[in-house]
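Subject: Structure for you to look at

Hello,

Please find the structure below, with notes on what turned up in it. Have the sequence open beside the picture as you read.

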Amino acid sequence: MLIKSVEFIKSSSKWQESPDPQFPEYAFIGRSNVGKSSLINAIMNRKNLAKISQTPGKTQLINHFLVNESWYLTDLPGYGYAKVSKSLRKSFEKLITNYILNRKNLVNLFVLVDIRHSPQSIDMEFMQWCSESGIPFALVFTKSDKLKPKAIENKINIYREELLNFWEEAPLSFVTSAEKKEGGDLILDFIEETNKILKENKVQF
Ligand code: GTP
Ligand code: MG
């Protein structure tokens with residue numbers, strides 16, 4: 001997909017404040033610091049579209065971007081950030097789950113996991129929650145530049161085995177590096193294909 005335009009629309013603290021849901025929406029989610037904002041910038045080929053920092057928990061709002069005047073790309077706050085109080089963490093979780101359950105134009109969630117780590121229960125639980133809630137998602141491995149090809153293959157297989165404990169089929173997955181700008185084109189192809197199907201079926205939100 002050719003990115004002709006990308007426009008920051010707004011930051012919202014809850015789904016009720018989010019922009020009108022007239023376009024299909026694709027949201028990036030995952031643990032704090034996993035690389036959501038970096039990957040959004042890499043895919044959109046913009047340096048500072050989504051804010052990046054060394055400090056986890058940077059994105060605490062829901063950020064909407066409108067791409068090619070036809071679909072939303074959304075940067076959601078990271079879940080499971082340990083260094084905030086338990087009550088704040090709970091309120092973030094509520095914000096995120098409410099958003100996902102109520103956002104009627106949400107077409108797909110991209111659940112990001114750092115390829116260097118073994119499957120973490122918080123991510124597995126989140127994906128199970130998506131599945132139980134009927135929320136379509138795809139798995140996105142980030143920071144692949146940090147591992148050698150053999151190690152990448154190894155991690156993907158470990159994940160696959162873990163995922164197959166819960167599902168008969170592993171979800172669609174992408175291997176990416178924001179640093180090397182790799183893997184984003186396949187995500188964009190997937191979005192383009194999905195948008196085409198929605199259009200052909202005249203889906204309205
Ligand atoms: P929060 O907004 O806090 O939830 O974080 P985030 O998931 O948006 O992560 P962010 O994009 O801010 O990146 C976190 C850190 O990881 C930054 O220091 C990035 O430079 C680094 N990072 C992100 N993507 C990559 C990648 O593909 N490769 C490498 N080597 N580093 C990355
Ligand atoms: Mg971020």
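A residue is called buried when its relative accessible area is under 20%, exposed when it is over 50%, and partly exposed in between. D114 has a relative accessible area of 7%, so D114 is buried. Please keep in mind that this is a predicted model.

Salt bridges

Side chains of opposite charge can pair when their charged atoms come close. How many salt bridges does a search of the whole structure find? The search finds two.

One of them joins the side chains of D114 and R116, at 2.7 Å from N to O. D114 is buried, as said above, whereas R116 has a relative accessible area of 31% and is therefore partly exposed.

In the other, the side chains of E25 and R103 meet at 2.8 Å, again N to O. This pair links distant parts of the chain, as its two residues are 78 residues apart. E25 sits in strand β2, which covers residues 25–30, and R103 is in the loop between α2 (86–102) and β5 (106–114). Are E25 and R103 buried or exposed? Both are buried.

Aromatic pairs

The whole structure holds twelve aromatic pairs. Two that share F110 are described here.

F110 and F174 pair edge-to-face, with 6.1 Å from centre to centre and 65° between the planes. F110 belongs to strand β5 and F174 to strand β7 (residues 173–175), so this pair ties together parts that lie 64 residues apart in sequence. F110 counts as buried because its relative accessibility is 0%. F174 is buried too, since its relative accessible area is 7%.

The F110 ring also pairs with that of F190: the centres are 5.9 Å apart and the planes are at 80°, so this pair is edge-to-face. Here strand β5, with F110, is tied to helix α5, with F190, and the parts joined are 80 residues apart in sequence. F190 is partly exposed because its relative accessible area is 23%.

Which residues do ring pairs link into a cluster with F110? They are F28, F174 and F190.

A charged patch on the surface

D185, D189, E192, E193 and E200 form a negative surface patch. One of these residues, E193, is in helix α5, which runs over residues 184–200. E193 has 42% relative accessibility and so counts as partly exposed. Helix α5 is also where F190, the ring partner of F110, is found.

Distances along the chain and in space

Two further pairs of residues show how separation in sequence and separation in space can be set side by side.

R31 lies in the loop between β2 and α1 (36–44). R31 is partly exposed because its relative accessible area is 24%. How far apart are R31 and D123 in space, C-alpha to C-alpha? The distance is 7.7 Å, while in sequence R31 and D123 are 92 residues apart.

V203 is in the segment after α5. With 38% relative accessibility, V203 counts as partly exposed. V203 and E7 are 196 residues apart in sequence, and their C-alpha atoms are 23 Å apart in space.

A place to start in the picture is F110 in strand β5, followed by its ring partner F190 in helix α5. From there, go along helix α5 to E193 and look at the negative patch that E193 helps to form.

Regards

Key
Residues numbered from 1 in each chain as written. Chains lettered and ligands numbered in written order. Predicted model: local features only at pLDDT ≥ 70, side-chain atom pairs only at ≥ 80, totals over all residues. Heavy atoms only, no water. Patch = residues over 30% accessible without salt bridge, like charges linked within 9 Å, V, L, I, M, F, W, Y side chains within 5 Å. Areas by Shrake-Rupley, 256 points an atom, 1.4 Å probe, with all protein chains shown as cover. Salt bridge = Lys/Arg side-chain N within 4 Å of Asp/Glu carboxyl O. Lys, Arg positive; Asp, Glu negative; His and termini not counted. Charge placed at Lys NZ, Arg CZ, Asp CG, Glu CD. Helix = DSSP H or I, 4+ residues; strand = E, 2+ residues; numbered from the N terminus. Buried < 20%, exposed > 50% of the residue type's maximum accessible area, 1.4 Å probe, protein only. Phe/Tyr/Trp six-rings, centres within 6.5 Å; stacked < 30°, edge-to-face > 60°.
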